[in-house]
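Me: Could you take one part of this structure and look at it closely with me, explaining each term as it comes up?

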Amino acid sequence: MKKPELLPGTLDMLILKTLTRAPLHGYGIAQSIKRLSDDVLTVEEGSLYPALQRLLLQGWVKAEWKMTDTNRRARFYTLTAAGRKQLGLEVSQFEEMITAIGRVLSDAQEA
Amino acid sequence: MTFLNKLLLMFRRNRFDSELEEEMTFHRVQAEKEFVSAGMDCEEARYAAMRQFGNGVRVKEQSREVIGFRAETVLHDLRYAIRQLLASPGFTVVILLTLALAIGANTAIFSVINGVLLKRLPYEQPDRLMRIFLSSADYPKFELNPFDFLDFRARNHSFESMAAFTRGDVQLSGDGEPERLYGLGITSGYFRVLGLHPQQGREFDFAAEIPGNGLQAIISDRLWRTRFGADPGIIGRKITLNTQPFTVIGVMPAGTVHPGNVYHSLPYGEDVDIWWPFSFAGDPNRRGSHFIEGIARLKNNVTEAQAQGEMNAIMTQLGREHPNNDTGWNVLVIPLYSEVVGPTRPLLLMLLGAVIIVLLIACANAANLLLARASSRQREIAVRLAMGAPRSRVIRQLLTESLLISFLGGALGLATAFSGVKALVALLPSDFPRAQDIHVSAPVLAFTILVTLATGILFGLAPAFQAAGADPKDGLQKGGRTTTGTGRQRRLRDALVVAEVGLACVLLIGAGLMLRSLLNQLRLDPGFQRVHVLTANLSLPHAVYKGDEQVGRFADQLAANLNMLPGVVSAGVGTDLPWTGYDENAGGFTIEGKKPPAGGEDFHARYHMATPDYFTALGIPLIAGRFFTEADKRDAPQTVIINRTMAAKYWPGEDALGKRMTFEDHPKSDKDWITIVGVVGDVKDQPNSPAAKTAFWLPMLQTVWSSDVSVVIRAQSDPRLLIDALRNQVHRLDPTLAVADVQLMDQIVDSSVSTPRFAFALVGLFAGLAIVLAGVGTYGVISYSVSQRTPELGIRMALGALRSDVMRLVLSHAAKLAGLGTALGVIAAFFLARLLKSLVFEVSTYDPATFASVAGMVVLVALLAGYIPALRATATDPVNALRSE
């Protein structure tokens, strides 16, 4: 079965959200999204890294090189204050849209 | 913020790349570990991780694009394109040269069109300026009578202002050599109509129009500076014009441009140096003579048609008031713009069409060259696509290349155009309006940039889409071998060549028609003999030469003196010269015993006056009777010589000799009748006039009607040797006279064909360029197809095909393209040729000889272009050909 694709425009929001708990490296972000969504959402590496560059540019995340538990060098991304604000904005917009879509769908079922 | 970050990243591009690389490696290693812990062996896990990660190059490319500026990719493309061009210099030179010539030609022609047709005339609101003429059944465009003009000016409500003017050159004497100046007699308000203002002083007021108040003058900036040393006290100063004292009341600024006139025409832009007040002398009820021209400024809320209607209504009123003179006329209101540039428009549009065709051919050529290269670069592009380059990126890359080519070509073309425009202006016919307005100016530059851009996109689009549409699999599978190109691609290339050949064919047919009409005009019998003839003009001031008698005596004496000079075969004086902007004069007369022709037309003819040797000096042949002699003098019976057309028209089937005519309305005695003593050959008004008009000559000793005379001298050898002698003879009779417009009849005749020569030279040049380009294009396509088919030809030859078979195979390809192109070209030319109707002379625009010879020539050139690669094909060694597979 083909996995459902990520809703367009939601990747940035998901990345920002996973970073609210703790700083993560790219692989960690991908794994985290996969795990939290019960394997429903997979993040293509082809979109993950360009997206991370975009977030860096906007100043919503910061990156620094640190050592992992297994003692390897990796780039860890941290949410910035601006990123937190952006996340709030995107989440509220997203919820608004979901509610709206839900309303349309439930209306269609009743009819 | 984003911009700043991007800027910072620009200086750390290497670090960005290495960090990204490390991050991605880390990611892959982590994934690999995951797979191993899930129970895969190492090898398997590595591949799975790589597969999962996907195209690393692409990830990097996309990440880089996020942080990069858009301009950076353009710069990158540009660098790449320059490398590509440098890699194949032959290709680059051919394509750049082609485009430079085509864009240069377009720029040059557009400079002319911009300067002549598009640029505003140098007057205030020039689109409101109208010229006013009369028109009747006999005279489609005629000058105004002064008293009619006064009524027009007083009665109309359509025009803000209206003025009249007439050519009247004057002789300036006083300090230094007498000089004849181009001059205009103008009514009050002439400059106000044009929206021009004197830089010093003022213009004539209405009082100046009253006879006796006319000794005032306005002079040009040029005259003020050269002749009067820019005298600050020039206003009020007296100067000697035509031996009379005139007071300078105004100086016009530099750039006061003459709007052009019809009566004794001076073309638009010619330097008029002096303006004198036109005065309305004579009986306002006699309105038969027409010699002034109207110009007026339309009110802002009035249309041309409304003005035309009102003027016609006024003319009808005048017809009722003056039934003898003012009936049968309509008023013509013509925008000044059409009057000035109208006649040049068909020629310029034809030239524009010609250069656009050249440009299209150049585009087709460039597209073909790029297509050929694109197919040899197919592998490169396939690799890029396989590595994950998006198609849009490849298209952008290829378009960058073609735009680079077109802009380099455009820059070279612009350089060509700068010198081209100079050459073009030098080549322009002498009477071409606004030649001094032709420059490579800002609008021209804008045009060139636009054309260059369009060119680059036009010829780059096909190859770009073709290449980007390629399937990377195909390109890679064929490995290092050259590909034959798909059928679609071959068809596209063939179609481009067919189009090129067809377009070249159209241009060549145009050039052929221009050549034929030029030849027709050169071959024309002018009706006089042009070689060894010197001419000059004199104007005899009224103050000294008060009447016909004085002018006649002067002319007679001058002719007699000139005839005695050594080296002179024959010398005469007349009132005009053939083909020199002759005005449409028409003398009406009565013929003894004949009723005027039906339909309101009267007997009329061009009138001239001449001394006895005028005809032999010009070489106008005598057909019957005799020339004038010294006996045809003042108190002798009046005589006249008529031309062949007049004899045939008014005395059909009769002998005109001895018949009598008169200008008197009520001839009383024999003294009033003029006897025809000779019939001479026809001379047309202009070399390309459809037919000669009726004309007659009166002996200068009896009648003159003019104070401007022309001298004609036929010399034994080079007539230029007689110029000084002519000056001396004139000054011996009258030292105050200026000898003006000294030129050879040869020059007059040459300048009369300057327009058809110009048209042929340019269209011929462009057609030559077109056929060379089409030839190169055909050569390119055939030789490309031969090189692609080398293995096939090798197999054919190995299987026993003769060299002649191979030759025929290749040539038939060329012939097919050429034949189809020519056929299409001939059909297109058939429809386009009618647009040239006003530009050709005595040749049908469907001239079968031209069409046939051009078609033959085009096919021949195309076969020649195919012959060289065909020869190469027959030289193919079958063994090598097969091995190259």
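Reply: What follows is a close look at chain A, at its sheet and then at its contact with chain B. The model is predicted, and here local features need pLDDT of at least 70, side-chain atom pairs count only at pLDDT 80 or more, and totals for chains, interfaces and linings use all residues. Residues are numbered from 1 along each chain as its sequence is written, while chains are lettered from A and ligands numbered from 1 in the order in which they are written.

We can begin with the sheet of chain A, in which 3 strands are arranged in the order β1-β3-β2, giving an open sheet with antiparallel pairing. Helices (H or I, at least four residues) and strands (E, at least two) are DSSP runs, numbered from the N terminus, and two strands pair if DSSP finds at least two bridges between them. In chain A, β1 (24–25) and β2 (61–67) stand at the edges, and because each has a single partner strand, one side of each is left without a neighbour in the sheet. Strand β3 of chain A covers residues 73–79 and pairs with β2(A) in the antiparallel sense, over 7 bridges. To find one place in this pairing, you can look at W65(A), whose bridge partner in β3(A) is R75(A).

From the sheet we can turn to the contact between the chains, where two residues are in contact if their C-beta atoms, placed from the backbone, lie within 7 Å. Chain A gives 16 residues to this contact and chain B gives 20 residues. On the side of chain A that touches chain B, the elements that give two or more residues are α2 (26–36), α3 (45–58) and β3 of chain A. The largest share of that side, 8 residues, comes from α3(A). Sorted by class, the side of chain A that touches chain B has 5 nonpolar, 6 polar and 5 charged residues, where Ala, Val, Leu, Ile, Met, Phe, Trp, Tyr, Cys and Pro count as nonpolar, Asp, Glu, Lys and Arg as charged, and the others, Gly among them, as polar.

Chain B also offers a pair of helices to look at, α6 (residues 89–118) and α14 (residues 391–427), whose axes come within 6 Å and cross at roughly 45°. Axes are lines fitted to C-alpha atoms, for helices over the stretch in contact, and angles run from 0 to 180 degrees between N-to-C directions. The residues of the contact of α6(B) with α14(B) divide into 15 nonpolar, 9 polar and no charged.
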